[in-house]
Amino acid sequence: QAGPLPPGPTPVPILGNVRDLTAKELWLAATKWAKQFGDVVHVHIVGQGLVFLNSPEATMDLLDRKGSIYGDKPALVMAGELCGCETMVAFTRYGDESRRQRRLLNQAFGVQVIPSYHPLIATETHSFIQRLVADPSNYIDHTRRYAGGLTLSVIYGYEAVGNNDKFLSLGEECVDILSNKIASGGGIWPVDIFPSLKHLPTWAPGSGFLIKAAEWKAKMEEFVDQPYNFVKASLTAGTHVPSFCSMLLEDKEKCSPQFEFDLKHTANSMYSASMDTTITVFCHFLLAMVLHPEALAKAQKEVDSVVGPDRLPTFSDRPSLPFVEAIFSETLRWGVPVPLSLPHRLMEDDVYRGMFIPKGSLIFGNIWAITRDETLFPNASAFLPERYMEKVDPALAKKRDPRSYVFGFGRRRCPGVNLVESSVWLMITTVLATLNISKAKDDFGNPIEPKIDFNNAVFRIPDKFQCDIRPRSEQALKVLRQAEAARS
Ligand code: HEM
């Protein structure tokens, strides 16, 4: 071993740090260790090493600069083999398959393609606002329908019908199983440490995980197959709406079984990755506006002065709305949608600042620790969009830009980032233009403080909180109706 392991909390014999790894807000525990042990922390579960990188320098040095050995994903027996997730993009091993998938992802959501989705994004945004107006308390379901509906349209040419649409419900159920059951607490199950446990007969004590895994695998297969079979059937029937899948499937030359396999799984990964992430960002935006009426008023004033009362915001307004831009950036930083990113796997032994990081370690970029770093973001736990209005040199601006972290790192960085840049911006800006957001009131007219808790193991989604969402004016409703009428 070429040097000591990075420091970390003292493990107990054999089991290691099992007791230190909690499923609830693991990023808080990891950040406590960062304060105690530094920006590279090592823990282990029965010998499986987990390394937390807690600073911009450490994530950049290892996950970005040494991306060729830090770009792998763990071969988890439970998640991958038993639950059937090994072909989902976020779990595929680094190599030919992941490269083919990334190429498809770039074809769908590369920066050059996004403007072609602008009209659809606008339509979906306007419908989203109408639904918020009609039924404000179900803002989470509306956001799922917005984000999932957008990817279902773009990828499969499928139009979601209602918040309880069959593919939206399937998506909701499967993403919940993935993040809160399969990947909870770092995603390491006893069978990942002792693979022979997978041969336990299902009647044996302790084999309950095998029954659960079989159930979840069947669901994941439905999730991957059903929307894809919809495109194939509509292509055969000639009823398809042009989409990413239909366009590629029409090119018969390309359609080898391997290509179809890649397409089917990549399509599913785009759909599944779009929902809870967007929900997390929108919920934090809503919460920030409820808690900071002064920021809301300032942003509305800016939107009003640029857009005026007679139309809705469009992408061409973006350069004229710097404070809205600052709110967007601060929402990403303050909200931290995926606080520990998704684990990478180190492919070769490595030495970093004299510390030995063994091959096979799971590497977590601790985005929470970075975005709460007081030296980079003074008063880091406060929502302060003004911090992005300050002119700073380009190197510092990049270091402070939450986009350098919140979409993950290196060769596995989020391929949905360009879509999010457009879709979430328009969503936020249109809400600011048309809606007022404030604390809900009790029967006596007293404001109710939103109760915030986080119970998702991967995404930092605030549990549903009370708030008041209503149209800003009759005129706002009128322009929304006009936008709808123009479409039909
Ligand atoms: C709304 C905000 C979003 C955030 C904050 C976000 C964040 C992330 C993060 C942190 C990762 C892990 C990166 C890593 O392993 O280093 C990731 C991976 C991924 N994201 Fe996103 N994401 C968002 C939206 C989307 C959307 C809309 C899509 C697709 C349309 C998408 C598709 C993916 C895929 C396919 C991966 C796996 C990439 C791989 O392992 O190679 N994401 N995302």
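This short presentation describes how helix 10 and helix 8 are placed in the structure above, and then turns to one glycine in a loop.

Good morning, colleagues. The model is a predicted one, in which local features need pLDDT of at least 70, side-chain atom pairs count only at pLDDT 80 or more, and totals for chains, interfaces and linings use all residues. Residues are numbered from 1 along each chain as its sequence is written. Helices are DSSP runs of H or I with at least four residues, numbered from the N terminus.

I begin with helix 10, residues 208–237. This helix has 30 residues and reaches 43 Å from its first C-alpha to its last, close to the 44 Å expected (1.5 Å times one less than the number of residues). Gly238 follows helix 10 and has a positive phi, near 75°.

Which residues of helix 10 are buried? They are Ala213, Trp216, Met220, Phe223, Val224, Pro227, Tyr228 and Val231. A residue counts as buried if 20 or more other C-beta atoms, placed from the backbone, lie within 10 Å of its own. The buried residues of helix 10 pack against several helices, including helix 7 (139–156) and helix 12 (257–291); contact requires C-beta atoms within 7 Å.

Another partner of these buried residues is helix 8, which spans residues 166–182. The axes of helix 8 and helix 10, which are lines fitted to C-alpha atoms over the stretch in contact, come within 10 Å and cross at roughly 140°, on a scale from 0 to 180 degrees between N-to-C directions. Helix 8 is therefore oblique to helix 10; oblique covers angles that are not under 35 degrees, over 145, or 65 to 115. Among the residues that meet are Phe167 and Ile177 in helix 8, and Trp216 and Phe223 in helix 10. The residues of this contact divide into nine nonpolar, two polar and four charged.

Helix 8 also meets helix 7. Their axes come within 10 Å and cross at roughly 110°, so the two helices are roughly perpendicular to each other (65 to 115 degrees). Arg144, Arg145, Gly148 and Leu152 in helix 7 meet Phe167, Leu168, Gly171 and Glu172 in helix 8.

Finally, I turn to Gly410. Where is Gly410 found? It is in the loop between helix 16 (394–400) and helix 17 (417–434). Gly410 is buried, because 20 other C-beta atoms lie within 10 Å. Its C-alpha atom is separated by 8.2 Å from that of Lys66, 344 residues apart along the chain. Leaving aside neighbours within four places in sequence, Gly410 is in contact with Leu63, Asp64, Gly67, Tyr70 and Gly71.

Thank you for your attention.

Conventions:
Contact = placed C-beta atoms within 7 Å. Nonpolar A, V, L, I, M, F, W, Y, C, P; charged D, E, K, R; others polar. Buried ≥ 20, exposed ≤ 12 C-beta atoms within 10 Å, placed from the backbone.
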